[in-house]
Amino acid sequence: MNTYIQLLQKMIATPSFSREENLTADLLAAFLSDKGVAEVHRQQNNVWAYNRHFDSSKPTILLNSHHDTVKPNSAYTRDPFRPDVEEGRLYGLGSNDAGASVVALTAAFLHFYPLEGLKYNLCLALTAEEEVSGQNGIESILPQLGELSFAMVGEPTQMQMAIAERGLMVLDCVAHGRAGHAARDEGDNAIYRALQDIEWFRTYRFPKESELFGPVKMSVTIISAGTQHNVVPAECRFTVDVRVCDRYTNEEVLAVVREHVQSEVTPRSLRLKPSYIDPSHPIVVAGTELGRKTFGSPTTSDQALLSIPSLKMGPGDSARSHSADEFVYIEEIEQGIDQYIAMLTRVCC
């Protein structure tokens, strides 16, 4: 156990801001090699490996977490890169989000690595740029990982099982009118046109609702129009934050929006998809039998970039993520390793 706590301490002491994770990638690749993993793969700052007795005729489980961090906020009272242990707490930037998951999944992977006769292959992927949803993280290596059956994504959930996660779309909308003088009955006010669409975003309710999240949530968060007080504006721009539940794809929601509003609608991205895994899936059943609870997660993770069923769970508490003086309990890591191994044993052995 001390081996994995020491690994996390080394990670904390090694700055790994998003897009600058090369040193922790070096650290993790070297650790796997030192533990006897015969072939460790590396692309940019993503590191991955397969179990020793990989069998292409068997399905593969992806074990994924991220080793990048946000930058420490100004409220820190401790050195964010000093991995002190006090009263059972390991302090440091990235300790909770998601270093604890990285080392716990690594421990579970190494437990199964030499075993023969597993029902599934295991692919451990420790990836970059999760905190910025970057394109050089998990998304960039998926084509190299081969066919995957389902994923366990390590994030701090107190080892409870997030079986669904909201997707995210940001829509840039433009209402078009016609300029005119405000003192005369001229022009076509783009603000008034935008207001009609904004009212639709405020009141529309999608027919299908999630058992975990309820309805798709749409919020107008930014608006801008006009250049001077006496000119009727020809254009009004506004932004809509859309949180997509697991009953729809981003593309389906976008199609409904465009069908109902007059404004020009441009999504910034369709990459951050909603995710869902059926409660009857073997990995969820395994967790349930071990006393784990299921829930729907409002926060976004690398699940959003996967097109396979995925379960989000890991040691630590989401409430501590990105907080000042971030920490994780040593006991949480120990229990996380045991829980991962117990769940995977029920599925793989």
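Colleague: In which sense do strand β3 and β7 pair?

Modeller: In this predicted model, strand β3 covers residues 60-66, and within the pairing Asn64 stands opposite Val153 in β7. The two strands are joined over four bridges, and the sense of their pairing is parallel.

Colleague: Which residue of β17 is the bridge partner of Val153?

Modeller: Besides its pairing with β3, β7 pairs with strand β17, residues 310-312, in the parallel sense over three bridges. Val153, which has Asn64 opposite it in the pairing with β3, has as its bridge partner in β17 the residue Lys312.

Colleague: Which residues of strand β7 point the other way from Phe150 and Met152?

Modeller: In a regular strand the side chains alternate between the two faces of the sheet. Strand β7 runs over residues 150-153, and its residues are buried on either side, with Phe150 and Met152 pointing one way and, pointing the other way, Ala151 and Val153.

Colleague: Is Met159, in the loop between β7 and β8, buried or exposed?

Modeller: Most residues other than glycine have a negative phi, and most peptide bonds are trans. Met159 has a phi near 60 degrees, a positive value in a residue other than glycine, and its place is the loop that leads from β7 to β8. Because its relative accessibility is 4%, against a limit of 20% for burial, Met159 counts as buried.

Colleague: What is the relative accessibility of His322?

Modeller: His322 lies in the loop between β17 and β18, and its phi is positive, near 65 degrees, although the residue is not a glycine. His322 counts as partly exposed, because its relative accessibility is 41%.

Colleague: Which peptide bond is cis, and in which helix is Ala98 placed?

Modeller: The bond from Asp97 to Ala98 has an omega near 0 degrees and is therefore cis. Ala98 has its place in residues 95-112, that is, in helix α3.

Colleague: How many of the 18 residues of α3 are buried?

Modeller: From its first C-alpha to its last, α3 reaches 24 Å, close to the 26 Å expected at 1.5 Å a residue. The helix is mostly covered, and the number of its 18 residues that are buried is 17.

Colleague: At what distance does the side chain of His67 reach the backbone oxygen of Asn45?

Modeller: His67 is placed in the loop between β3 and β4 and is buried, with a relative accessible area of 2%. Beyond residues up to four places away in sequence, His67 touches several others, including Met11, Glu21, Asn45, Val102 and Thr127. With Asn45 there is a polar contact, in which the side chain of His67 reaches the backbone oxygen at 2.8 Å.

Colleague: With which side chain does that of Thr239 make a polar contact?

Modeller: Thr239 sits in strand β13, residues 235-244, and counts as buried at 9% relative accessibility. Leaving aside neighbours within four places in sequence, its contacts include Val170, Leu171, Ser219, Thr221 and Arg268. The polar contact, at 3.4 Å, is with the side chain of Asp172.

Colleague: Where does UniProt list the domain "Peptidase M20 dimerisation", and how far apart are its end C-alpha atoms?

Modeller: The UniProt record, an unreviewed entry, lists the domain at residues 163-264. This span is 25% helix and 36% strand, and the distance between its end C-alpha atoms is 34 Å.

Colleague: Why is the sulfur of Cys349 in no bond with that of Cys348?

Modeller: The structure holds zero disulfides, and Cys348 is in none, its nearest cysteine sulfur being that of Cys349. Cys348 is buried, with a relative accessible area of 0%, whereas Cys349 is partly exposed, at 47%. A disulfide needs the two sulfurs within 2.5 Å, and these two are too far apart for a bond because the distance is 6.1 Å.

Colleague: Which strands stand at the edges of the open sheet of three strands?

Modeller: The open sheet has the order β4-β5-β18, with antiparallel pairing. Two of its strands each have a single partner strand, so one side of each is left without a neighbour in the sheet, and these edge strands are β4 and β18.

Colleague: Which residue of β18 does Tyr91 stand opposite?

Modeller: Strand β5, residues 89-91, pairs with β18 in the antiparallel sense over three bridges. Within this pairing, the residue of β18 opposite Tyr91 is Phe327.

How values were computed. Residues are numbered from 1 along each chain as its sequence is written. This is a predicted model: local features need pLDDT of at least 70, side-chain atom pairs count only at pLDDT 80 or more; totals for chains, interfaces and linings use all residues. Side-chain values use heavy atoms; hydrogens and water are left out. UniProt positions are given in the numbering used here, feature names are shortened, and annotations may be inferred rather than shown by experiment. Buried means under 20% relative accessible area, exposed over 50%, partly exposed in between (1.4 Å probe, protein chains only). Two strands pair if DSSP finds at least two bridges between them. Contact means heavy atoms within 4.5 Å. A polar contact is a pair of N or O atoms within 3.5 Å; within protein, one must be able to donate a hydrogen and the other to accept it, and residues adjacent in sequence count only if both atoms are side-chain atoms. The expected span of a helix is 1.5 Å times one less than its number of residues.
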